[in-house]
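Here are a few exercises to work through with the structure open beside you. Try each one before you read its solution.

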Amino acid sequence: MSTYQPETYGESVAGLYDDWYADYDASMIDMLAELTRDGRALELGIGTGRVALPLVARGVEVHGIDASPKMVERLRAKPGGAQIPVTFGDFADVAVVGDFDLVFIVFNTFFALLTQAEQVRCFRNVAAHLKLGGVFVIEAFVPDMRRFDRSGTTNQPTRITEDTVELDVSQHDAATQRVNSQKLVLTNGQVRLYPIQIRYAWLAELDLMAQLAGLRLRERWSGWRREPFNAQSGKHVSIYERTVNER
Ligand SMILES: C[S@@+](CC[C@H](N)C(=O)[O-])C[C@H]1O[C@@H](n2cnc3c(N)ncnc32)[C@H](O)[C@@H]1O
């Protein structure tokens, strides 16, 4: 039986996350601030605040949800981090109070929901927390089967120095659209494992989940500078709008 839970990834990487992924795209902050329209924003999987903190610095009221106490501890230790309201829990359930102009989930984090049923539930719950005309923004990779060999595995060194090798090892199950991975960090006499499991979703599948939730695809870009999306795009920034009043 798997012991992998919504908090597993965050609890394992919290101490290293900011060393690995400190950078953010300033255009992302520009677009998210613009989409909030002077209202309120909610980030699903707020983590250590890589995105939320620069957004707050732009004057946006940001709330967050996360399952990992250790990730949020890192956020709260940063200047301004303790003032951001964070709800602990699974973002499939979006158990927060109030409505938002913008709900967003970046950096492939939507795929942390490991079944289609959870992903559908997340869309529905997001829609229930969006103001009319509010938007749900997803940044994620476009699935690319060429990454995997015929056995469904991939091994990729991501960093090699004189005393360290970092290696991403993945196993793909095309039937469930699940990818179970480990980041291995090998140093002299020590091997550390950082598990990450995802379920990717195809673009048409995301759009259908949105439709089931009463949301409509308004725009799709291949990057935060509104670069056009086409068949070669490796990632997408999708903006779904709440247009119907079903409540
Ligand atoms: C890749 S990190 C992204 C953090 C931040 N959004 C960023 O861009 O740097 C994913 C975050 O989502 C959280 N997370 C993953 N699955 C979750 C779930 N089902 N419910 C709530 N949080 C979850 C993790 O704890 C982690 O903090």
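The exercises below go from the whole chain down to sheets, the ligand shell and one loop residue.

Two notes before you start. Residues are numbered from 1 along each chain as its sequence is written. The model is predicted, so local features need pLDDT of at least 70, side-chain atom pairs count only at pLDDT 80 or more, and totals for chains, interfaces and linings use all residues.

**Exercise 1. Describe the overall build of the protein chain.**

Step 1: count the elements. You should get 6 helices and 11 strands, where helices (H or I, at least four residues) and strands (E, at least two) are DSSP runs numbered from the N terminus.

Step 2: check the compactness. The radius of gyration is 18 Å, close to the 18 Å that the globule rule gives for 247 residues, so the protein chain is as compact as a globular protein of that length. Here the radius is taken over C-alpha atoms, and the rule is 2.2 Å times the number of residues to the power 0.38.

Step 3: look at burial. Of the 247 residues, 32% count as buried; that takes 20 or more other C-beta atoms within 10 Å of a residue's own, while 12 or fewer makes it exposed and anything in between partly exposed, with C-beta atoms placed from the backbone.

**Exercise 2. Trace the sheet of 7 strands and find its edges.**

Step 1: write down the order. This open sheet runs β3-β2-β1-β4-β5-β11-β10, with mixed pairing; two strands pair if DSSP finds at least two bridges between them.

Step 2: pick out the edges. β3 (86-88) and β10 (215-221) each have a single partner strand, so one side of each is left without a neighbour in the sheet.

Step 3: go to β1 (residues 40-44). Here 4 of the 5 residues are buried, so β1 is largely enclosed by the rest of the structure. It runs parallel to β2, with 5 bridges joining the two, and Glu43 stands opposite Gly64 in β2.

Step 4: move along to β4 (residues 100-105) and β5 (residues 130-141). These are parallel too, joined by 5 bridges, with Leu102 opposite Val135 in β5.

**Exercise 3. Work out how the sheet of 4 strands is paired.**

Step 1: the order is β6-β7-β8-β9, the sheet is open and the pairing is antiparallel.

Step 2: β6 (153-160) and β9 (190-199) are the edge strands, each pairing on one side only.

Step 3: for β7 (residues 164-173) and β8 (residues 178-187), count 10 bridges. His172 has Val179 in β8 as its bridge partner.

**Exercise 4. Characterise the shell around the ligand.**

Step 1: find the nearest residues. Of the 23 around the ligand, Pro6, Gly10, Gly45, Gly47 and Arg50 come nearest; a residue counts as near if its C-beta atom, placed from the backbone, lies within 6 Å.

Step 2: assign elements. α1 (8-20) and β2 (61-66) are the ones giving two or more residues to the shell.

Step 3: sort by class. The shell has 14 nonpolar, 5 polar and 4 charged residues, with Ala, Val, Leu, Ile, Met, Phe, Trp, Tyr, Cys and Pro taken as nonpolar, Asp, Glu, Lys and Arg as charged, and the others, Gly among them, as polar.

**Exercise 5. Place Asp25: which loop is it in, and is it buried or partly exposed?**

Step 1: Asp25 lies in the loop between α1 and α2 (26-36).

Step 2: Asp25 has 14 other C-beta atoms within 10 Å, so it is partly exposed.

Step 3: the C-alpha atoms of Asp25 and Val51 are separated by 8.9 Å, with the two residues 26 apart along the chain.
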